[in-house]
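Hi,

Here is the structure I promised to pass on. Have a look at it first, and my notes follow underneath.

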Amino acid sequence: MHGLPESIPRDGGEAFTGLVCPDCSGNIVVSAHEAHLSFSCRVGHTYALAEITMAKEAALETVLWRAVFSFEELAALLADLDRQGFADTFGVEICRARSELAREQASRLRTIIETDRPLTERRRENGEIGSSPP
Amino acid sequence: MIHMINGDRTVRDMFLLGASAGGIKALIGILRLLPATLPATIGIVLHRSPTYESQLDGLLGRFSALPVGEPADGDPIKVGQVYIAPRDVHMSVDDHKWRLNRGPKMHFLRPAVDPLFTSAAASHGPRAVGVLLSGGGSDGVLGLLAIKAAGGLSVAQQPAEAQDPSMPQHAIAEDHVDAILRLDQIASLMAALAAGESFANGV
């Protein structure tokens with residue numbers, strides 16, 4: 001699996017990346033225009049380097065919160081099944097253990113999100129921003 | 001050091017302004033200095049909410065001697081008029097008409113600056129002048145490159161003056177712009193270019 005192609009054409013041509021579009025999940029191509037890298041998908045969603053990178057950071061947080069929600073949802077469901085006498089479908093003790101484990105996993109994921117450190121674009125004192133071409 | 005802009009005295013009368021955060025102040029800073037007789041067209045994309053009906057044209061119009069309005073799709077491009085992109089559509093130039101469309105977002109934005117700049121480069125060539133003002137992100141960088149490639153001029157607001165310097169900084173870092181100017185200098189440059197005059201930068 002790769003993020004960028006082996007080399008990015010310097011003549012304005014496009015090369016496929018290993019990335020998908022943050023807006024539509026379509027394949028993304030990259031092209032270089034002087035020092036500016038442009039990423040675009042088949043339908044025309046277009047991003048600069050920092051934008052697509054930070055979109056990937058944002059997507060990561062989004063799916064992690066979905067995972068937190070799913071664990072907490074499952075834990076709540078199983079706890080309620082137990083409380084209302086429906087846990088026997090799975091076995092009461094097994095149901096309680098799974099509910100507790102799901103709650104713990106949600107807590108671990110929260111810690112992962114809260115201690116994660118996504119990238120932000122670097123601002124330089126001399127007025128330049130972003131990367132220079134190799 | 002004095003740098004002469006438009007030394008060949010080309011008439012450049014299609015001005016495209018792109019702005020985001022801090023952009024209203026920047027746009028007012030330019031529009032309030034332009035004469036009502038400016039023989040040019042001004043197209044503006046200001047990043048704005050796709051859902052909120054703001055009265056940007058009315059707001060900017062209070063500070064402009066030139067009439068300011070949002071075009072409808074297919075409206076003719078008139079001289080002596082300021083056009084601002086409506087919410088939730090890209091505004092572009094097609095021959096002598098404005099085009100509005102809900103095409104794919106660029107840089108997560110609609111309207112975005114790049115469609116205006118790139119379409120104006122294609123239709124107006126050397127007559128097009130792209131100006132990136134206060135704002136965040138790199139929308140407009142591709143458009144400025146297209147304008148330069150078509151023989152037009154690219155200008156960035158002096159970052160130290162911009163409320164959010166990111167957009168002009170991107171333009172400076174990635175586009176090698178023709179000029180980096182304060183708002184009052186940009187207004188003077190526009191008046192000079194529309195009259196087919198050169199402009200001495202650095203005095």
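**Strand β9 of chain B and its neighbours**

Strand β8 (residues 128-132) of chain B runs parallel to β9(B), and the two pair over four bridges. (Strands here are DSSP E runs of at least two residues, helices are H or I runs of at least four, both numbered from the N terminus; two strands pair if DSSP finds at least two bridges between them.) Within this pairing, V129(B) sits opposite L153(B) of β9(B). To get from β8(B) to β9(B), the chain passes through helix α4 (residues 141-149) of chain B, in a right-handed β-α-β crossover. Right-handed means that, with the strands pointing away from you, the path from the first strand over the helix to the second runs clockwise.

A quick note on the basics: this is a predicted model, where local features need pLDDT of at least 70, side-chain atom pairs count only at pLDDT 80 or more, and totals for chains, interfaces and linings use all residues. Residues are numbered from 1 along each chain as its sequence is written, while chains are lettered from A and ligands numbered from 1 in the order in which they are written.

β9(B) also pairs with strand β10 (residues 179-181) of chain B, again parallel, over three bridges. There, V155(B) has A179(B) as its bridge partner. Helix α5 (residues 166-175) of chain B joins β9(B) and β10(B) in a right-handed β-α-β unit.

So is β9(B) covered on one face or both? Both: L153(B), V155(B) and Q157(B) are buried on one side, S154(B) and A156(B) on the other. (Buried is 20 or more other C-beta atoms within 10 Å of the residue's own, exposed is 12 or fewer, partly exposed is in between; C-beta atoms are placed from the backbone.)

Cheers
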